[in-house]
Amino acid sequence: MSTSEGLRENAPDVELDLSVIQHSRLYNADIAPVPISGRKWGVLSFAALWISMSACIPTYMLASSLIGGGMNWWEAVLTIFLGNLIVLVPMVLNAHAGTKYGIPFPVFCRASFGTHGANIPALMRAFVACGWFGIQTYIGGEAIYKILAVFWPGLAASGAAHAFGISAPEFVCFMFFWGINMFVIYKGIDSIRLLLNIKAPLLLALGLLLLWWAWRAAGGFGPILSQPSAFDAGQPKAGQFWTFFFPALTGMIGFWATLSLNIPDFSRYAHKQRDQMLGQAIGLPLTMALYSFIGVAVTSATTIIYGQTIWDPVDVLTRFKDPVVLIVAMVSLCIATLATNIAANVVSPANDFAHLAPKKISFRIGGLITGLVGIVMMPWKLVADPTGYIFIWLIAYSALLGPIGGIMIADYFVVRRRWLNVLGLYNPHGEYAYTNGYSTVALIALVLAVLPSLPGFLVQVHMIEGTGLPPFLLGLYNYAWFVGFGIGFVVYLVLRKLAPSA
């Protein structure tokens with residue numbers, strides 16, 4: 001291997017001279033390449049990142065929607081594990097450019113979509129993150145509301161849900177937690193890393209304590225772990241397993257399809273490729289499977305302990321009457337939800353919004369935009385229906401993000417063979433400008449990759465009947481991420497071969 005080839009395979013061993021791009025309208029300090037001296041994240045940092053983000057209340061409750069659809073406990077946990085094992089592949093691949101060049105996701109997008117065209121995938125990713133930000137903020141606010149209602153029962157009776165589907169006390173708690181999120185964003189990326197390091201052991205410990213309590217109080221884990229699959233012979237949904245499994249698997253991939261795109265926002269701080277690859281492999285699939293199992297087991301035990309099935313861990317914790325336990329639980333849940341929310345749902349869209357106008361929008365302003373959009377999306381409605389949560393929210397946005405992942409990976413690994421001109425990514429008139437800043441090839445590939453899933457989505461949201469459409473076409477929606485990723489990957493390569501500079 002020659003010296004130049006060696007430099008291409010590993011992160012550059014010399015600092016780039018950023019003075020030549022600092023006056024570019026495509027540059028600001030938040031989306032600039034991280035200097036080699038700033039790339040300090042090792043294996044443990046990435047493992048902690050994923051343990052921190054995966055050990056959260058939505059993961060705890062994730063298996064509930066699968067069990068509600070007919071799976072038994074091990075089918076649900078295995079589906080979650082397999083979905084995260086699959087999404088780990090594009091996660092590690094897209095992380096490569098971040099580690100090698102120190103660039104964030106929207107800057108990486110410029111190579112395939114163009115210096116201006118990169119705003120399209122960046123904003124698609126950003127608005128999905130805004131929805132997730134709202135969901136996590138609502139969960140944190142709801143935890144505060146429910147635990148406060150134990151101390152002041154009148155709070156829960158002080159008002160019914162208003163026209164927007166949430167009561168006034170709930171909304172106040174939601175906005176209080178929202179304000180805490182905004183404060184952490186204002187403090188910057190270092191406070192986020194500190195939160196993650198605190199949260200990783202905290203929520204795992206809380207989950208394992210809940211698991212121990214449930215096992216001890218119920219004398220075992222109860223009926224959910226012993227109930228058969230509804231898809232078994234003689235059961236209500238016998239023979240229908242695969243028709244439920246594949247859309248469920250797509251939904252599980254969709255859970256982290258967002259991070260599989262913007263992982264360069266984190267991997268840009270990695271010391272070397274091995275650190276991000278091994279750290280992510282250790283931290284993601286196993287934590288998701290473990291924490292979803294904790295949710296299933298504790299929920300199963302609540303059926304014995306309380307005579308009803310309680311999927312929400314906050315509802316379980318409110319059954320404890322010890323004030324110390326309640327306060328510790330509330331603080332722990334808030335810190336845990338806050339850390340997950342900031343890392344998973346703010347870092348990327350803040351960078352993405354900053355990418356729109358780097359000279360005017362900073363990371364902090366981008367974070368504020370994320371928070372405001374998260375309120376407008378009324379997240380309590382997104383999680384109100386478990387079926388809609390999987391089959392509309394998770395699968396629908398995977399239909400958008402899968403094609404972007406396929407295009408980016410095709411461009412970086414096949415077309416460019418892992419070589420980027422970093423300074424050129426910040427040059428509005430350079431090699432990545434394509435046609436007036438837009439890559440026609442990437443945009444056509446994106447549209448063609450999204451289209452096959454569109455009819456199935458329109459049927460799911462009841463915008464069309466679908467009676468006159470072929471069942472095969474409607475069924476593609478159940479495989480939206482796979483279909484979009486594959487079509488985006490292939491079409492981009494074909495068109496790029498035909499039009500190398502378009």
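**Figure 1. Salt bridges around Lys146.** In this predicted model, Lys146 forms a salt bridge with Asp312, and the closest nitrogen and oxygen atoms of the two lie 3.0 Å apart. The pair connects distant parts of the chain, since Lys146 sits in helix H6 (residues 119–151) and Asp312 in the loop between helix H13 (285–306) and helix H14 (313–317), with their positions 166 residues apart in sequence. Both Lys146 and Asp312 are buried. Lys146 forms a salt bridge with Asp315 as well, the closest N and O atoms being 2.9 Å apart, and this pair likewise links distant parts of the chain, with Lys146 in helix H6, Asp315 in helix H14 and a separation of 169 residues. Lys146 counts as buried because its relative accessible area is 18%, which is under the 20% cut-off, whereas Asp315, at a relative accessible area of 26%, is partly exposed. Through shared partners, the salt bridges join Lys146, Asp312 and Asp315 into one network.

**Figure 2. The salt bridge between Arg416 and Asp411.** A search of the whole structure finds three salt bridges, and one of them is formed by Arg416 with Asp411, whose closest N and O atoms are 2.8 Å apart. Asp411 has a relative accessibility of 1% and therefore counts as buried.

**Figure 3. Nonpolar cores.** The largest nonpolar core has 114 residues, and the members that touch the most other members are Trp50, Ile103, Trp256, Phe266 and Leu420. Leaving out residues up to four places away in sequence, Leu420 touches Tyr101, Ile103, Phe108, Ala111, Tyr412, Leu425 and Tyr432. A second core, separate from the largest, has 25 residues, including Ile144, Ile147, Phe177 and Ile185.

**Figure 4. Thr79 and helix H9.** Thr79 is found in helix H4 (residues 73–101) and, with a relative accessibility of 1%, counts as buried. Apart from neighbours within four places in sequence, Thr79 is in contact with Leu66, Met71, Phe245, Ala248, Leu249 and Met252. Phe245, Ala248, Leu249 and Met252 are among the buried residues of H9, which also include Phe241, Phe244, Pro247 and Phe255. Helix H9 (residues 241–255) has 15 residues, which should span 21 Å at 1.5 Å a residue, and its end C-alpha atoms are indeed 21 Å apart. Twelve of the 15 residues of H9 are buried, so this helix is largely enclosed by the rest of the structure.

**Figure 5. Helix H17 and the residue that follows.** Helix H17 (residues 363–376) has 14 residues and reaches 20 Å from its first C-alpha to its last, close to the 20 Å expected at 1.5 Å a residue. The buried residues of H17 are Phe363, Gly366, Gly367, Thr370, Gly371, Val373, Gly374 and Ile375. An α-helix has 3.6 residues a turn, so residues three or four places apart point the same way. Just after H17, Met378 takes a positive phi of about 45°.

**Figure 6. Surroundings of Leu26.** Leu26 lies in the loop between H1 and helix H2 (43–54) and, at 5% relative accessibility, counts as buried. Leaving aside neighbours within four places in sequence, Leu26 is in contact with Ile31, Arg110, Thr115, His116, Pro358, Leu425, Tyr426, Asn427 and Pro428. Leu26 and Ala118 are 92 residues apart in sequence, while their C-alpha atoms are 11 Å apart in space.

**Figure 7. Cysteines without disulfides.** The structure holds zero disulfides. Cys56 is in none, and the cysteine sulfur nearest to its own, that of Cys334, is 14 Å away; Cys56 counts as buried, at 3% relative accessibility. Cys130 is likewise in no disulfide, the nearest cysteine sulfur being that of Cys109 at 16 Å, and Cys130 is buried, with a relative accessible area of 0%.

**Figure 8. Confidence along the chain.** The mean pLDDT of the protein is 86, and 92% of its residues reach 70 or more. Confidence is lowest in helix H1 (residues 3–9), at a mean of 38, and highest in helix H20 (residues 440–450), at 97. Over residues 1–11 the pLDDT is below 50, and this stretch has 14 contacts in the model beyond near neighbours in sequence.

Notes. Residues are numbered from 1 along each chain as its sequence is written. This is a predicted model: local features need pLDDT of at least 70, side-chain atom pairs count only at pLDDT 80 or more; totals for chains, interfaces and linings use all residues. Side-chain values use heavy atoms; hydrogens and water are left out. A nonpolar core is a set of buried Ala, Val, Leu, Ile, Met, Phe, Trp, Tyr and Cys residues joined through side-chain atoms within 4.5 Å. Buried means under 20% relative accessible area, exposed over 50%, partly exposed in between (1.4 Å probe, protein chains only). Contact means heavy atoms within 4.5 Å. Helices (H or I, at least four residues) and strands (E, at least two) are DSSP runs, numbered from the N terminus. The expected span of a helix is 1.5 Å times one less than its number of residues. pLDDT is the predictor's confidence in each residue, from 0 to 100. A disulfide is a pair of cysteine sulfur atoms within 2.5 Å. A salt bridge is a side-chain nitrogen of Lys or Arg within 4 Å of a carboxyl oxygen of Asp or Glu.
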